[in-house]
Every structure is written in C-alpha cells, then in structure tokens.
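Below are some notes for a colleague who is opening this structure for the first time. They are meant to be read point by point, with the sequence and the 3D view at hand.

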There are 2 protein chains.
Amino acid sequence: MKIKIIQVDKTKTREFQSLIDYYSKLISPFVDLSVINIKKSDVNEREKIKNEEGEKLLKQINENDFVIVLDENGKNLNSIKFSEFLRNKIEGGFGEIIFVIGGAFGLSENVKKRANFLLSCSEMTFTHEMIRVILLEQIYRGLMIMKGRKYHY
Amino acid sequence: MKIKIIQVDKTKTREFQSLIDYYSKLISPFVDLSVINIKKSDVNEREKIKNEEGEKLLKQINENDFVIVLDENGKNLNSIKFSEFLRNKIEGGFGEIIFVIGGAFGLSENVKKRANFLLSCSEMTFTHEMIRVILLEQIYRGLMIMKGRKYHY
C-alpha cells in the first residue's frame, strides 16, 4: 500500500515540520508513505512559476497512478467519506496513490488536468504548510476508520 | 480588541502546542488574545461530561460577549468571509469575542444555545488540538486580510 505526497517547496516552519514528522510516524506502520519535495521555481512570473513547478510535478507521476490534487475548488469530503474514498483507491489496482499540494502560487492547468480527483479540505484557505498537516492527519484518520480503530480526539 | 478562546482540556501534544504558540505570537501585536483551558471532566458518562464541562465554559462568558462555537454542523465560511465576519464583530460593540472549542466528547446543548454563531472549519473532522491551530491561523489570516497585509502562503 503506497501513498506518495508530492509538494512544492520544503516545509520551512520548524513547528509545522515537527507535526508532519509526528503524523508521518503514526502513518508509517500502515502504509508505505513517501513525501517528495519539488524545488520551488525561482522565475519571477506567476504563470511561469506554476508551469515550471507543474512540469517537475508531472515527472513524478506514472500513468497508472491515481492522482488526487488538493484544490480549493475541489470536492469536500467528510472524514468518513474520505476514508471510504481512500480504501476504494487503495484496493483499486492503481500504481501509487498520489496527493499533490501546490506551492504559494497554486498549480498549473496541466497538473489539474492530470488529476483523477480534485479534493478540497475546507472552504477556508490555509497555508500550504498547514494543508500538509491536515492531509496527513486525514490520511491517518482515514486509515484508523478503515481498520475500525479508535481515534476520535 | 479582545479575543478569547475557551477550550476544554490542555493541548497535550507538544508539536501542536508549538504551533499554537507560533500563531499566538503572530496574532498578539494585533489583538489582545487569551486562551482559557477548562479542566476536562473526569466523570465517566458522555452526557455528564459534556454538561459538567459546559457549565464551566459558560461561567467564562459574559452577557454582552459575542460567542462563536466551533461545531461540525455550523456554517462554513471562506477566509475572506471569515475576515469580514470577524471585523464586523470586532466593531460591533460587544464585550469580548469568544471562540469555544469543545473536548473529545463535544459540547453540551446549553453551550450551543448560548452561541451567537456556530462555525465549521471543514466537512472533515479534526482532532480538537488541530482545530485550535486552524482557528488561530484563520484569525491571523483574517486580521491580515482586514489590514490589507500580504499573507498568502
């Protein structure tokens, strides 16, 4: 069971990194989780940044992977539905399950076009560091729901 | 400008506490922020726990305070709307603006009845520690939007 998170730029805020490590450790006994950081583009135009980062992101994705892109206009799922969705994809015979989190300027159209699913975690806008933590927590929660384990605080 | 967060139980996960401190520090130049931890009830029945914690919570609230209760069935606001909402309440001549976050078993009906507004941050369920961080980040984001400051990563 392989889950890969591809994200643009490193997590710079130490406090967020600690929480990311915390959840990664909780998740690791259950799935083979890998996190890939794409180098942030240093060109100085918004569209170019998104395209350059997008190209690098797409190189990490194989044809048979199931790609979930975090997008504010994506679909909202509650945690139960997200757990069912995740189980369904895990059992779906795909390559890897890939979550993509964009950088400060968002994602290129090409990345969104490759997505098999656009997921929104909230109507609210969060920093991309926060989204990383939220996603990991929901993956962990989803796994616990799948396994019927207690975890509700 | 006074904002008070009343929550049940201490934040036990060190990594969450670090992030809470991080955002509290960012917010503190702009508002007088206080966080009150209500002691978790140690009775062993769900309804009794909620009622006992609820009574303690209500003691912290004055008649002219504006009370926003975090509730999964509350209203979802995007960050722009949340900022407008917050500005409106700050300028509304209320006592304090109070956010209430329940414990592991949720909040009593009496607390929900006292609420002036029920707010939901997501369709997803988060730990109550995560909700604390999300709320603080959205308060900070809301303040930055109000002040026309740049903050979008």
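1. A convenient place to begin is Asp9(B), which is buried, because its relative accessible area is 13% and buried means under 20%. The model is a predicted one, and in it Asp9(B) sits in the loop that links β1 (2-8) to α1 (14-27) of chain B. The backbone of Asp9(B) deserves a look as well, since this residue has a positive phi of about 80 degrees although it is not a glycine.

2. The counterpart in the other chain can be checked in the same way. Asp9(A) also has a positive phi of about 80 degrees without being a glycine, and its place is the loop between β1 (2-8) and α1 (14-27) of chain A. With a relative accessibility of 13%, Asp9(A) counts as buried.

3. How are the two chains related to each other? Chain A can be laid on chain B by a turn of 180 degrees and a shift of 0.0 Å along the axis, with an RMSD of 0.0 Å. The two copies are thus related as by a two-fold rotation axis. The surface used for contact is the same in both copies, for 100% of the contact residues of chain A recur in chain B.

4. Which residue of chain A comes closest to the rotation axis? It is Ser122(A), whose C-alpha lies at 2.3 Å from that axis.

5. For the fold of a single chain, chain A may be followed from its N terminus, where the elements run β-α-β-α-β-α-β-α-β-α. In total, chain A holds 5 helices and 5 strands. The radius of gyration of chain A is 15 Å, close to the 15 Å that the globule rule gives for 153 residues, so the chain is as compact as a globular protein of that length. Its C-alpha trace spans about 50 × 35 × 30 Å along the principal axes.

6. The packing of chain A can be described by two further values. Buried residues account for 53% of the 153 residues in chain A. Of the contacts in chain A between residues at least 6 apart in sequence, 84% join residues that are at least 24 apart.

7. As for the surface, chain A exposes about 7500 Å², and carbon and sulfur atoms supply 45% of this area. Chain A carries 25 positive and 21 negative side chains, and the centres of these two sets are 4 Å apart.

8. Is Ser83(B) buried or exposed? Ser83(B) is buried, with a relative accessible area of 3%, and it belongs to helix α3 (residues 79-90) of chain B. When residues up to four places away in sequence are not counted, Ser83(B) touches Gly142(B), Ile145(B) and Met146(B).

9. Ile98(B) is part of strand β4 (residues 97-101) of chain B, and at 0% relative accessibility this residue counts as buried. Leaving aside the neighbours within four places in sequence, Ile98(B) is in contact with several residues, among them Lys4(B), Ile6(B), Gln60(B) and Ile61(B). Its contacts also include Asp65(B), Phe66(B), Val67(B) and Ile68(B). By comparison, Ile49(B) stands 49 residues away from Ile98(B) along the chain, and the C-alpha atoms of the two are separated by 21 Å.

Terms used: Residues numbered from 1 in each chain as written. Chains lettered and ligands numbered in written order. Predicted model: local features only at pLDDT ≥ 70, side-chain atom pairs only at ≥ 80, totals over all residues. Heavy atoms only, no water. Helix = DSSP H or I, 4+ residues; strand = E, 2+ residues; numbered from the N terminus. Rg over C-alpha atoms; globule rule 2.2 N^0.38 Å. Buried < 20%, exposed > 50% of the residue type's maximum accessible area, 1.4 Å probe, protein only. Contact = heavy atoms within 4.5 Å. Areas by Shrake-Rupley, 256 points an atom, 1.4 Å probe, with all protein chains shown as cover. Lys, Arg positive; Asp, Glu negative; His and termini not counted. Charge placed at Lys NZ, Arg CZ, Asp CG, Glu CD. Least-squares fit on C-alpha atoms with pLDDT ≥ 70 in both.
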